[in-house]
Amino acid sequence: MRPICQNCSRTWTWWDVAKNSFNIRKYIVCPCCQVKQYPTSGTIKFDFVMCYAIFFVFLTMVIRLDSLIPPITVLVILFGCYQMVYPFFHRLSNTKEGLF
Ligand SMILES: [Zn+2]
């Protein structure tokens with residue numbers, strides 16, 4: 001299920017979310033109504049846990065293996081897979097929510 005704008009109820013496309021996933025701003029402007037949409041606290045927590053898990057796998061492989069090639073390859077693959085599914089777990093809010 002893709003995110004839905006809480007202002008105009010438009011379902012965002014996968015690309016709408018994916019192209020803004022590298023955005024350093026804390027909000028994404030809805031392409032339909034031009035209103036700022038913020039990630040929910042659940043989305044922020046999920047993103048944090050997933051990035052931490054990917055980094056943990058990378059760090060474990062770096063410690064256990066002599067070469068950096070396999071950990072970097074796995075890091076790129078896992079991060080790429082996460083970027084592919086990220087838009088399906090992204091939820092939006094009209095207001096900026098705290099982490100807790
Ligand atoms: Zn909208």
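**Entry 1: the sheet.** I started at proline 39 and looked up its bridge partner in β3, which is leucine 92. I note here that the model is a predicted one. Strand β2 covers residues 36–39 and runs antiparallel to β3, with 2 bridges joining them. I then traced the whole sheet: it is open, has 3 strands in the order β1-β2-β3, and its pairing is antiparallel. β1 (28–29) and β3 (92–93) are the edge strands; each has a single partner, so one side of each is left without a neighbour in the sheet. For my own reference, strands of a sheet pair through backbone hydrogen bonds, either parallel or antiparallel.

**Entry 2: the chain as a whole.** I counted 3 helices and 3 strands in the secondary structure. Along the sequence I read the pattern α-β-β-α-α-β. I took the box filled by the C-alpha atoms along the principal axes and got roughly 50 × 30 × 25 Å. The radius of gyration is 16 Å, where a compact globule of 100 residues would have one near 13 Å. I also looked up burial: 8% of the 100 residues count as buried. For contacts between residues at least 6 apart in sequence, I found that 64% join residues at least 24 apart.

**Entry 3: helix α3.** I checked whether the length of α3 (residues 69–89) fits its residue count. At 1.5 Å a residue, its 21 residues should span 30 Å, and the end C-alpha atoms are 30 Å apart, which agrees. I also looked for a bend in α3 and found one of about 30° at glutamine 83. A proline, proline 87, follows glutamine 83 within four residues.

**Entry 4: the UniProt record.** I looked up where UniProt places the feature "transmembrane region", and the unreviewed entry gives residues 46–63 and 69–89. I compared both ranges with the model. Residues 46–63 are 100% helix and 0% strand, and the C-alpha atoms at the ends of this range lie 26 Å apart. Residues 69–89 are likewise 100% helix and 0% strand, with end C-alpha atoms 30 Å apart.

**Entry 5: threonine 60.** Which helix holds threonine 60? I found threonine 60 in α2, which covers residues 41–64. I then asked whether threonine 60 is buried or exposed. Threonine 60 has 12 other C-beta atoms within 10 Å, and the cut-off for exposed is 12 or fewer, so threonine 60 counts as exposed. From threonine 60 I went to proline 71, 11 residues apart along the chain, and found their C-alpha atoms separated by 8.6 Å.

**Entry 6: positive phi.** Most residues other than glycine have a negative phi. I looked for exceptions and wrote down two residues. Serine 9 is not a glycine, yet its phi is positive, about 65°. I placed serine 9 in the segment before α1 (14–18). Serine 9 is exposed, with 9 other C-beta atoms within 10 Å. Glutamine 34 also is not a glycine and has a positive phi of about 65°. I placed glutamine 34 in the loop between β1 and β2. Glutamine 34 has 9 C-beta neighbours inside 10 Å and so counts as exposed.

Methods
Residues numbered from 1 in each chain as written. Predicted model: local features only at pLDDT ≥ 70, side-chain atom pairs only at ≥ 80, totals over all residues. Expected span 1.5 Å × (residues − 1). Bend = angle between axes of the 7 residues up to and from the residue. Buried ≥ 20, exposed ≤ 12 C-beta atoms within 10 Å, placed from the backbone. Pairing = 2+ DSSP bridges. UniProt positions renumbered as here; feature names shortened; annotations may be inferred. Rg over C-alpha atoms; globule rule 2.2 N^0.38 Å. Contact = placed C-beta atoms within 7 Å.
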